[in-house]
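I opened my notebook to look around a structure that was new to me. Here is what I looked up, entry by entry.

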Amino acid sequence: MVEWMELGIKPSSYISSLCYSVLRLEPFTGCSFGCTYCYARWYRGAGPPWAKPWLPRVFEKIARRMQELPRPVFRLATLSDPLQQRGGAVPGVVKALLRTALRYRVPLVLNTRGDVAGDPEVFALLLSLAEHRLVLVQVTLGLPEGPAQLLEPGAPPPSRRLDSIEALARHGVPVVVRVQPLVPGLEEWHLRAATEALERGARGLIAEPLRETQRGLEALYKLLGAGVPSAGWEGYQLGEEPGREPLLHPGPAWRERMHMALEALAQRYGAVYAPCKDALLPRLAHWYRPGRSCCLEWLAVEEPVLVRPTLHEYVYWLEQGGDGSWQGFNGYICSLPVFEPFCSMLDYYPSPVRKALRAHHRRLQRLVENRSKLEALLSKTTMWR
C-alpha cells in the first residue's frame, strides 16, 4: 500500500493554511530542467529523475473508488515538471495519468515549464480533458530568452512556452500563467512576459515571490552579473530549522508593488490575478469567494468538487464577525455548500485522499489555536493591510 504522503503534499504551516490543492500526482523523482531557483530541491532527493511506473495503477485504483463522489483536484505535479521529455516525447507514466483522469473524470491542474504542444498525444489528451472541463494548464513563465537560458537551463525556451499558451487557448484549453518566482531586479522582464502571455490568450496570472537562502541569492545574482539588490529581504519561515540555512524572501513593500502591478496588468486584459501565499484579505483578492482556490482551477473545472477550507475562509469569517474559535469556524464552513462534501462525506473517500485532507486540516487547527504562530503567519502573508 502506498503511503498517503506519496499522493498528498507534506503538511506545513504555509501549505496547510493557504493551499486548497494538497493532492498531487508526482510522476518523477526529480526534474531535469535544473532551474537555479527551484524550491523543490529542498524537498526531494538528489540524483537524476526517474519515472514512477507504479503511480498510474495507484491513481486508477483511487479514481475508481471515487466515481460516485465529488472529485478532488489533483496537481500534476509539485516537485518535478510533468512534461520532461525523453527522446523527444513525454514518458508514458504521464500519459497514463492523463488517460486515467479522463476516464474517471478526475480534475487536474497541470503545472509546467515544458512544451505543452510538443508531444501530440499529450496535447490531444489535454484537449479531451478540457472538453469535459477537467483540466487547467498552468504554464510557468517570467523571463526572456537570455536570462531563461541562465536560470532555467534544461527547460524549453520561453518562446516555445508562449507558442504552447497560444495553441492551448486557440483550442479552448483553459490556460493561466505562473509568473514564478518573482525575482527582485527582474521586474520589467516579469511584466513583459506576463503581457505576452495575456496577449496569447492566457486567462489569468498567478505570481509567487522568490524564496531562497543567502548563499542561493548570491549564486543566482552572480549568474546574472549583478549584486543582490535591496528588496527588504526578510525571513520566510515561522521558525528556525536546525541544520538548515534559513530561507529569505523579498520584503512586503516590494511584494506589494509587484502584486499590484501584475493585478493591474491582468485587469487590463480582462483576466484574473491571484497572488500565491500573499493575499489573505478577501476584499482585495478579487478572485476570492469561499472555497475558490488561488490556483484558479475554478476557471476551468466543472463543479462540484471536493474542496478543503483554508485560512482564507478563516480570515473572511473573522471579518464577518466570527468569534475566532476553531469550533465556530468549523460550524461556519460546514454551513457553506462548497464545503459540504468535506464536512459530511470525507469518510467515504479512499484512504490516501482522506488521510491527506485530514492531516492538513489538523495542521490548520493547530495554527488557529496557536495565536502567536497565527499572528506570525498573518504578518508574513497578509498584503495591503
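**Two helices side by side**

I started with a pair of helices and saw that α3 crosses α4 in a left-handed sense. A note to self before going on: this is a predicted model. I looked up the geometry next, and helix α3 (residues 92-104) packs with α4 at an angle of about 20°, their axes being 10 Å apart. Angles under 35 degrees count as roughly parallel, so I wrote down α3 as roughly parallel to α4.

Which residues meet where these helices touch? From α3 I listed K95, L98, R99, A101 and L102, and facing them in α4 I found E121, V122, L125, L126, S128 and L129. I then checked for charged partners and found a network of salt bridges that links K95, R99, D119 and E121.

**Salt bridges elsewhere**

How many salt bridges does the structure hold? I noted 18 of them. It helps me to remember that side chains of opposite charge can pair when their charged atoms come close. I picked out a few to follow.

My next pick was K52 with E6, whose side chains form a salt bridge at 2.6 Å, N to O. This pair links distant parts of the chain: K52 sits in the loop between β1 (23-24) and α2 (55-65), E6 in the segment before α1, and they are 46 residues apart. Is K52 buried or exposed? I have K52 down as buried, since its relative accessible area is 11% and the cut-off for buried is under 20%. Its partner E6 has a relative accessible area of 22% and is partly exposed.

Then I turned to R113 and E152, where the salt bridge between the side chains spans 3.4 Å, N to O. R113 is in the loop between β4 (108-112) and α4 (120-131), while E152 is in the loop between α5 (145-151) and α6 (158-170), so this pair ties together parts that lie 39 residues apart in sequence. I looked up burial for each of them: R113 is buried at a relative accessible area of 14%, and E152 counts as buried at 3% relative accessibility.

The last pair I followed was D347 and R358, with a salt bridge of 2.2 Å, N to O, between their side chains. D347 belongs to the loop between α12 (340-344) and α13, and R358 to helix α13, so the pair ties together parts 11 residues apart in sequence. Here D347 is exposed, with a relative accessible area of 54%, and R358 counts as partly exposed at 32% relative accessibility.

**A glutamine in a strand**

I went on to Q180, which I found in strand β6 (residues 175-182). Q180 is buried, with a relative accessible area of 14%. What does the side chain of Q180 make a polar contact with? I found the side chain of E208, at 3.0 Å. Beyond its neighbours within four places in sequence, Q180 is in contact with Y39, R113, T140, L141 and E208. I was pleased to meet R113 again in that list, after noting its salt bridge with E152.

**Helix α10 and its cover**

For my final entry I looked at helix α10 (residues 311-319), where the buried residues are L311, H312, E313, Y314, V315 and W317. What covers these residues? The cover includes α1 (13-18), α11 (326-334), α13 (351-369) and α14 (371-381). Just after α10, I marked G321, which takes a positive phi of about 105°.

Terms used
Residues are numbered from 1 along each chain as its sequence is written. This is a predicted model: local features need pLDDT of at least 70, side-chain atom pairs count only at pLDDT 80 or more; totals for chains, interfaces and linings use all residues. Side-chain values use heavy atoms; hydrogens and water are left out. Helices (H or I, at least four residues) and strands (E, at least two) are DSSP runs, numbered from the N terminus. Buried means under 20% relative accessible area, exposed over 50%, partly exposed in between (1.4 Å probe, protein chains only). A polar contact is a pair of N or O atoms within 3.5 Å; within protein, one must be able to donate a hydrogen and the other to accept it, and residues adjacent in sequence count only if both atoms are side-chain atoms. Contact means heavy atoms within 4.5 Å. A salt bridge is a side-chain nitrogen of Lys or Arg within 4 Å of a carboxyl oxygen of Asp or Glu. Axes are lines fitted to C-alpha atoms, for helices over the stretch in contact, and angles run from 0 to 180 degrees between N-to-C directions. Angles under 35 degrees count as roughly parallel, over 145 as roughly antiparallel, 65 to 115 as roughly perpendicular and the rest as oblique. A crossing is left-handed if the near helix is turned anticlockwise from the far one by less than a right angle, and right-handed if clockwise.
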